[in-house]
Structures are given as C-alpha cells and as structure tokens.
Amino acid sequence: MTDYRAPLDDMRFVMKQVAGLDYINGLPGYEDAAPDLVDAVLEEAGKLAGEVIAPLNHSGDREGSVFENGVVRTPRGFREAYHAYQEGGWNALPFDPDYGGQGLPWLVANAVQEMWNAANMSFALCPLLNQGAVELLQSHGSPEQKEVYLAKMISGEWTGTMNLTEPQAGTDVGAARTRAEPNGDHYLISGQKIYITYGEHDFAENVVHMVLARTPDAPAGTRGISLFIVPKFLPSEDGGPGPRNDLRCVSIEHKLGIKASPTCVMAYGDSGGAIGYLVGEENRGMEYMFTMMNNARLSVGIQGVAIAERSYQQALAYARQRVQGRAFGPAGGGAVPIIEHQDVKRMLLTMKAYTEAARALAYYTAAAIDIAHADPDAELRRRTETEVVDLLIPVVKAWCTDIGCEVASLGVQVHGGMGFIEETGAAQHFRDARITPIYEGTNGVQALDLIGRKILRLDGAPARAFSARVRDDLAAIHSAEGEAFKPMAESLMHCADTFDRATDWLLDANRADPREAAAGASPYLRLLGTLAGGWLLAKSALAAARARAGANGSAEFLDRKIATARFYMTNLLPLAEAAASASIHGSRAVVDVEEAAL
C-alpha cells in the first residue's frame, strides 16, 4: 500500500499557469493570496494530509463507522485527526474574515480540499458538507443567524449537513414530505431524511442541519420547499450548545465504499417537533439550497480528481516494483518491472493525463468563481458567472467523477490480480470513487442541467462563448516551439468544430423533440468535458514550453507536462468525436425504444 504525497508541483503549476493565480491575487480582498503564502499553505496542508489523515484511510475502511445506542463512533484516529485539522484553521480558508475566516480564494481552498480527499475521502466528507453549509449561510442567512452559527462552523467547532433526500424523494426533491409548522419565532420540523453525510458523529460538539421542509400552505413541488436551520443542540445564550433538539440518528447505512463516513437516517420531531429556524423566505428553499449544492458539486468533482490522483500514485509505485514478464523489443533480456510493458505504460499515461486534465478543469472553474465574486469589472463578473462557472460546474461534477471511477478502475487493472485483493488498497479507491457520480445530483442530472439551464435556456450562448475561448488560444499553441504543438492545435480546432456542430444539433433537436435532446445530454457533457480537458492541457503544455525556453523550472518536470498533453491529444481527445456521434446520431435510438423492449 502506497503512502499519499500531495502533488505540490503539479498543483502549483496548474494554479499559476492555467487557473491564473497571479490575477486572482490582484483582485480586491484576495491580496493576501501571494505566491509565497499559497506555497506555504499547500506545503502545510500536504503534511497534514500525508502524515495524519492518509494513514487512516485503509484502517478506516476496515473498521467503518459504528452506530450503537443512538451514537455514531467514527474509526480509531478519525476524531483526533479532525481536531488537528480544526485546530490548524483549515476549515476557515475561503470564508469571511468578519466571522473568523481567512478570506483566501476558492482556488486555494479547493486545491487544499483535493489533498484531504485524496488522503482520505471518508474523512474529508465532513468538512466538505460543512463548507457548503457555511457558504449557504453567508449568502442567505439573516444577520442574527450569521452571528449565532457562522463563527462556530467556520472554525470547525460545529459542523453542517445537507438534508434533502427522503425515502420517496431522491432526485425529485419536490416530492419531499417533511413538515414545518410555524410556532412563534421558529418552526417545528417533523419527518425523516436519508443519506445524510455526517448527520451524527463524534468530531464536533454540535451538528447544524440544513433541512428542506414544507410549511402547511406551501404549493406542490419544489416551489413549496422552504429551508430551515435545525441544530442538534439549540445554541445557548453564551454561544455554546444548549438543550438537545428533537432530532436523532436512527441508523447508518452499510455501503460499497466510503465506509468510515457515517451516512445517516435522521428522524425529526418524534417528540413533538424539532425546533428549526427559517432561512430567508418561505417557499424559496430550493433557490437557497442551490448555493450549497453548487458548492458541493464542485467539491465532488474535486473528489474525482483526488481519488484519481491517489489511484495513480499507487498504480505507478506498484508498476515500478512489480517484476513480471519480458519486455517486447530488440533488447531482450530477463524479467522487467511491469512499467516497461507498453500496455501498462498506456494505462498509466491514461491515468496521468485524465487526472491532470480533471485537475486543470476543476481549478480553472474555482478561479472563475473567484473572478465572478471579486472582479471590479461588473460585466466581466456577469460573463464569467454565466459563460464559465454556470456552464462548467455540472461538467466538473460529472466528467471529473467519471474520470475518478475510470482511473481507479485502471488502477486495479495495473495491479492485476493483486488489485482485486483488498490488502493492496487499490480496490478501496475503486469502491470509494463509485459514489461520486451518484450523490449531489447524479451525473445524468448534471447533463440535463447543463443542456437545459445552462445552454438551451440561453439559446446556446455559453457554449458558443466557451468554444471561442478555446479558439482564442489556438494560434499561440500552433506556433509554439516543438513538434507536438501544431498537431495539438489542429486536434483542438477539429474538436471545437465538432462541439459547435453538437451544440447546433442540440438546439435543433430540442425544438423538434425535447426527448431527443435529453437522450443526447450525457454524451454531450462528455464531449464538452473532453474538449475542456484537452484545451487546458494544451495551455499547460504551452506554458511549460515557454518556461523551458526561458530555463525557468525543472526541464524534466516541464517535459512531462508536454508529453502528457501530447498523449491526451492523440489517445483521449479523439473520444470526443465518439461522444458527439452518440449525442447527434444515437439519441434517436434511445427515444424510439419502448419501455417494454428493455
């Protein structure tokens, strides 16, 4: 089993050369995010991730969280690791300094979040959900609610959860039946929620639940959903946890992966009603919850990057030390490490290229969130929000998690039979990765969100703008020194043309038969993700070539960047054409099949 080491050089390179850290550092409020500070933050996070959190990953999977007598006990070492995380101030990185946050960009916070998830995804889920709950309250909470909850949640003393799902209401949140009865200055909440990550645990002294529920006269569907703060312990006058609220965990799920993360069934109001406090206005709960959901969707995409990185590191180490068979070629000789076999090299290159492409896309999107939040140019903020953030959030969530699963599967394959044996740890990465395309909105839902809310609603404008961004870089890529760059530019041009044709088809298909557009949504998302990953790797290779020419950095590291981009363009970017064909030519075959034929 391989120890995790944060890929700090790769992270720094992407942050600076692809995501534009220098530009972010110049935005109002982000002046502290200077390269030296960011480097120090990454170094220290890497130490905590590698030395404290990662060693608990395999043991946590074996032990799992345990539910006994209404109490959840996390695996040995998890509570102590959380206290080290919390005491180090790591929970506070991107949040408002007025409430104890550090005010750093989301670009930095998400790079650090990758480390927690690569080290131990089960552990990292608790901070992930708390982070989304904090952003929700920062955006939509009242001044009084912020005063009571934000400092405690930003510090990590209290943690937050997201309560949407019910037994009869999964993706269809509008079918939720949890009730909220007005009762003076609060509401009484009653009902059951399922799949609540860290709904009960032993890390923190209080758990603050963000609960969707219906008031008595609410309209049907999502229009009648309201959002409530429902703490495990009601805050006392001195700011600490007071009386126990009327809520409890009744069980935790037995799962394929992320076994150390308690996934809870929560019961509210068994003894008359849990006290809840309305966030904002009644019947606007889904609108507010989308703030938390979008935060979580980006974070889950980063989980895909993280599990891919961890799987790649382990597969690479195993391939270097596992001796088996003789290599093809004129040299002949005896048995060799399997990394010398060409198909193993191909698998490792696929893992590496996909991981680096996914990281570039996630960081690029995080930087766009910072620009949309803080840039002084109002028009640039608006365009960045609609043309980059809104467009790419579902792609980061879906494409990066699909990659996480594929890379983790390849990691098992590189190990061969030993990958199927739990002791190596490769199987755990595969099992843990599998939830990521499911939660926070299945990847099919992300594809429908992409085509419906982000493209069709705006008559294709964000997709056209994205294609234009790719084309803006082609001349520089085409003219760069090195034999790899001209073919890169030509491949990207062809892929951008294909993407434009697919967008034209999508608009026409939706007008003719919306079912056909829906059937083509997932391959269309794969097309966009594959194009985006290739474009950003090409930008990365171009930056590496320029640094190489100026003798600015390790030649070996920079050459690897160019080689990885070249592999992606020749081996993975062509899959975009297949995705486009499945969307344009294959969707009708989906629509025409009757249910009885399945």
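Let me start with Arg62, which is found in helix H4, the helix running over residues 57–63, and I should say at once that what we are looking at is a predicted model. Arg62 is exposed, with a relative accessible area of 58%, and if you look from there to Glu87, the two residues are 25 apart in sequence while their C-alpha atoms are 27 Å apart in space.

Glu87 brings me to helix H5, covering residues 78–87, because that helix also holds Tyr82, one half of an aromatic pair whose other half, Phe203, sits in the loop between strand S5 (186–197) and strand S6 (206–213). How are the two rings of Tyr82 and Phe203 arranged? Their centres are 4.9 Å apart and their planes meet at 15°, so the pair counts as stacked, given that stacking requires planes under 30 degrees apart. The pair therefore ties together parts of the chain that are 121 residues apart in sequence. Both partners are buried, Tyr82 with a relative accessible area of 1% and Phe203 at 3% relative accessibility.

For contrast, please turn to Phe466 and Phe499, whose ring centres are 6.4 Å apart with planes at 80°, so that this pair is edge-to-face. Here too the pair links distant parts of the chain, since Phe466 belongs to helix H14 (residues 461–472) and Phe499 to helix H16 (residues 485–512), with the two positions 33 residues apart in numbering. Phe466 counts as buried at 2% relative accessibility, and Phe499 is buried as well, with a relative accessible area of 0%.

Taking the structure as a whole, the count comes to 19 aromatic pairs. Ring pairs also link a set of residues into a cluster, made up of Phe78, Tyr82, Tyr85, Trp90, Trp116, Phe123, Tyr198 and Phe203, so the stacked pair I described a moment ago belongs to that cluster.

Aromatic rings also meet charged side chains in this model, and I have two cases to show. The charged end of Arg244 sits over the ring of Phe233, at 5.6 Å from its centre, and Arg453 lies over the face of Phe290, at 5.1 Å from the ring centre.

Now to the cysteines. How many disulfides does a search of the whole structure find? The search finds zero. Cys264 is in no disulfide, and the nearest cysteine sulfur, which is that of Cys249, lies 3.8 Å away, whereas a disulfide would need the two sulfur atoms within 2.5 Å. Cys495 is likewise in no disulfide, with the nearest cysteine sulfur, that of Cys400, 16 Å away. Both of these cysteines are buried, Cys264 with a relative accessible area of 0% and Cys495 with one of 4%.

Finally, I would like to look at helix H8, residues 143–155, which has 13 residues and reaches 18 Å from its first C-alpha to its last, close to the 18 Å expected at 1.5 Å a residue. Where, then, is the kink in H8 centred? It is centred on Tyr149, and the angle is about 40°. Tyr149 is also among the buried residues of H8, which are Gln145, Lys146, Tyr149, Leu150, Lys152, Met153, Ile154 and Ser155. Just after the helix, Gly156 takes a positive phi of about 90°, and with that residue I will stop.

Technical notes: Residues are numbered from 1 along each chain as its sequence is written. This is a predicted model: local features need pLDDT of at least 70, side-chain atom pairs count only at pLDDT 80 or more; totals for chains, interfaces and linings use all residues. Side-chain values use heavy atoms; hydrogens and water are left out. Helices (H or I, at least four residues) and strands (E, at least two) are DSSP runs, numbered from the N terminus. The expected span of a helix is 1.5 Å times one less than its number of residues. The bend at a residue is the angle between axes fitted to the seven residues ending there and the seven starting there. Buried means under 20% relative accessible area, exposed over 50%, partly exposed in between (1.4 Å probe, protein chains only). Rings of Phe, Tyr and Trp (its six-membered ring) pair if their centres lie within 6.5 Å; planes under 30 degrees apart count as stacked, over 60 as edge-to-face and the rest as tilted. A charge sits over a ring if NZ of Lys or CZ of Arg is within 6 Å of the ring centre and within 35 degrees of the ring normal.
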